[in-house]
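This report describes the fold of one protein chain and the contacts between its charged side chains. Please keep the structure in view while reading.

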Amino acid sequence: MLTRLIKGDGMRKSRLHNYHGQFLDPSGFLYLPGSIRTTLLFKLANRRPELPWLGFRAINHLRKLVKPNWSVLEFGSGMSTVWFARRCGLLVSVETDRSWYDSVKTILTQKGFHNVDYRLREEAEYEAVSDYQDSTFDLVLVDGYERDRVMKTAISKVKPGGYIYLDNSDVPYREHRTAKALLMEAAGAESEIRIFNDLYPTQFGVNEGMLARVFNKAAEESVPMTPPKPGGFAG
C-alpha cells in the first residue's frame, strides 16, 4: 500500500517524477495543495473541478492562449470539454466511452452550450473527423486512445501556425513515442515547443505534456505508423 501511495502505477520513481525520471521543479510545488485537494474530492466525493485533466501550468498557459473565435478539436472529452466550450467559438470533441459521453453530454446540455459538436465514436474510428476540412482548427488536443493515429489527424486538421497539445508525452508506450516524434517533426526545429512537467488536478502525480506550434505539416507523411493495438493510456 505504501509503495502504491508513493509510486502510483509503479512505472516511475515516485508520484513527483515523470516517466523520464524528471523530478518536479520548485515552482511546480505551488500546485501541490490543489492537486491533493482535487484528488481527495474526486476520490471521496466524486467531485471534479471544471478543469482539463492536464497539468496546472499547461492549463494556465492555454487559458491565456485560447481566443473566443478559435476552433478547437479535442480527442478525449471530460471537464476539458466544458472548459474549452467556455473559451472558444467552436469545439469538436470526440469520445469512445458511451457512459462517459452521456454524462458529459448531460452537463453540456444543462449549461446551455451550443458551440460544441460532441461525437461518440468506436475506437477504430476515434480519429475520424473527415467532414471537417484540413487546416480548420487553431488548437488540437491529443488524448485518449491510439495517439499515434490521432496525431496524424491532428497535424492534418490544425491550421498552419496552429497548436497541438499532446498529453502524457512522457509515457514510454510505443504509440506515445510515435505521436511525440510526429509532433516534433511537424513543428520543426524553429517552432515553439513548450514542455509542461506538472502536477494534475484529480490525479495526484506528475505528468509531462507537450504544446507545439505546427508549421511543417508535410511531416505527417514522413514517420511510419505503428499498428493499432487495443486500448490506450488515458491521461
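## Overall fold

Helices and strands are DSSP runs, the former of at least four residues and the latter of at least two, numbered from the N terminus. In this predicted model, the chain contains seven helices and seven strands. Their order along the sequence is α-α-α-β-α-β-α-β-β-α-β-α-β-β.

The chain has 235 residues, of which 52% are buried. Among contacts with a separation of 6 or more, 66% join residues that are 24 or more positions apart. The exposed area is about 11200 Å², and carbon and sulfur atoms supply 55% of it.

## A parallel pair of strands

Strand β2 (residues 90-95) pairs with strand β3 (residues 116-120) in the parallel sense, over five bridges. Within this pairing, S93 has Y118 in β3 as its bridge partner. Between the two strands the chain passes through helix α5 (residues 98-111), and this β-α-β crossover is right-handed.

## A salt bridge within helix α5

Helix α5 also holds a salt bridge: the side chains of R98 and D102 meet at 3.6 Å, N to O. The two residues are four apart in helix α5, and therefore about one helical turn separates them. D102 is partly exposed, with a relative accessible area of 35%.

## Salt bridges between separate elements

The count of salt bridges comes to 13. One of them joins the side chains of K157 and D134 at 3.0 Å, N to O. This pair links distant parts of the chain, for K157 lies in helix α6 (residues 147-157) and D134 in the loop between β3 and β4 (137-142), 23 residues apart. Are the two partners buried or exposed? K157 counts as buried at 7% relative accessibility, whereas D134 is partly exposed at 48%.

The side chains of K159 and D138 form another salt bridge, at 3.3 Å, N to O. K159 belongs to strand β5 (residues 158-167) and D138 to strand β4, so the pair ties together parts 21 residues apart in sequence. K159 is partly exposed, at 30% relative accessibility, while D138 is buried, at 12%. In addition, a network of salt bridges links D25, R57 and D198.

## A nonpolar patch on the surface

I36, L40 and L44 make a nonpolar surface patch of about 310 Å². I36 lies in helix α2 (residues 32-45). Its relative accessible area is 36%, so I36 is partly exposed and passes the cut-off of over 30% used for patch residues.

Notes: Residues numbered from 1 in each chain as written. Predicted model: local features only at pLDDT ≥ 70, side-chain atom pairs only at ≥ 80, totals over all residues. Heavy atoms only, no water. Buried < 20%, exposed > 50% of the residue type's maximum accessible area, 1.4 Å probe, protein only. Contact = heavy atoms within 4.5 Å. Areas by Shrake-Rupley, 256 points an atom, 1.4 Å probe, with all protein chains shown as cover. Pairing = 2+ DSSP bridges. Right-handed = clockwise from strand over helix to strand, strands pointing away. Patch = residues over 30% accessible without salt bridge, like charges linked within 9 Å, V, L, I, M, F, W, Y side chains within 5 Å. Salt bridge = Lys/Arg side-chain N within 4 Å of Asp/Glu carboxyl O.
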